Amino acid sequence: MTNRSTNRNPESDFQSLEAHLAGTLKPLAPPKEIVQRLSRRIQMPNREKITASLSDWSRLFLVFGGVLSGMLLIITVARVFYYLAGRRG
């Protein structure tokens, strides 16, 4: 068993730890070249790209429906096998 004091207050321990870390950890600004490179890479797409992605919704729904149908078929076949295996036992 460890020799712990029962009079310790976790809230005061947390506050003292936070005060210690606030004194040792100083804020650090990122280099300007990284910020500039990220601002060039993160941009809103142009209108053509947005309309192209919206026109693919029909294909997306077709693929999504196919995946759901396949999952439903697999689940149904698994339930049939489970039912048949349960009746034999």
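Here is a short walk through the structure above, from its overall build down to a few single residues. Keep in mind as you look that this is a predicted model.

Let's begin with the overall build. The secondary structure amounts to four helices and zero strands, so read from the N terminus, the order of elements is simply α-α-α-α. How spread out is the chain? Its radius of gyration is 30 Å, whereas the globule rule gives 12 Å for 89 residues; the value is well over that rule, so the protein is more spread out than a compact globule. The box that holds the C-alpha atoms tells you about the dimensions: along the principal axes it is roughly 65 × 60 × 20 Å.

Now turn to the surface. What percentage of the 89 residues counts as buried? The figure is 0%, where buried means under 20% relative accessible area. About 9400 Å² of the protein is exposed, and 64% of that area is supplied by carbon and sulfur atoms. As for charge, there are 13 positive and 6 negative side chains, and 13 Å lies between the centres of the two sets.

One part of the surface is worth finding on your screen. Met44, Ile50, Leu54, Trp57, Leu60 and Phe61 come together as a nonpolar patch, and their joint accessible area is about 670 Å². Two elements each give two or more residues to this patch: helix H3, spanning 47-55, and helix H4, spanning 57-88. H4 provides the largest share, with three residues.

Leucine 60, one of the patch residues, sits in helix H4. Is leucine 60 buried, partly exposed or exposed? Its relative accessibility is 46%, so leucine 60 counts as partly exposed; the range for that class runs between 20% and 50%. Further along, leucine 84 also belongs to helix H4. Leucine 84 has 42% relative accessibility and therefore counts as partly exposed too. If you trace from one leucine to the other, you cover 24 residues in sequence and, C-alpha to C-alpha, 36 Å in space.

For a last stop, go back to helix H3, where you will find glutamate 48. With a relative accessibility of 56%, glutamate 48 counts as exposed, because the cut-off for that class is over 50%. How far is glutamate 48 from tyrosine 82, C-alpha to C-alpha? The two are 34 residues apart along the chain, and their C-alpha atoms are separated by 51 Å.

Note on methods:
Residues numbered from 1 in each chain as written. Predicted model: local features only at pLDDT ≥ 70, side-chain atom pairs only at ≥ 80, totals over all residues. Heavy atoms only, no water. Patch = residues over 30% accessible without salt bridge, like charges linked within 9 Å, V, L, I, M, F, W, Y side chains within 5 Å. Areas by Shrake-Rupley, 256 points an atom, 1.4 Å probe, with all protein chains shown as cover. Salt bridge = Lys/Arg side-chain N within 4 Å of Asp/Glu carboxyl O. Buried < 20%, exposed > 50% of the residue type's maximum accessible area, 1.4 Å probe, protein only. Rg over C-alpha atoms; globule rule 2.2 N^0.38 Å. Lys, Arg positive; Asp, Glu negative; His and termini not counted. Charge placed at Lys NZ, Arg CZ, Asp CG, Glu CD.
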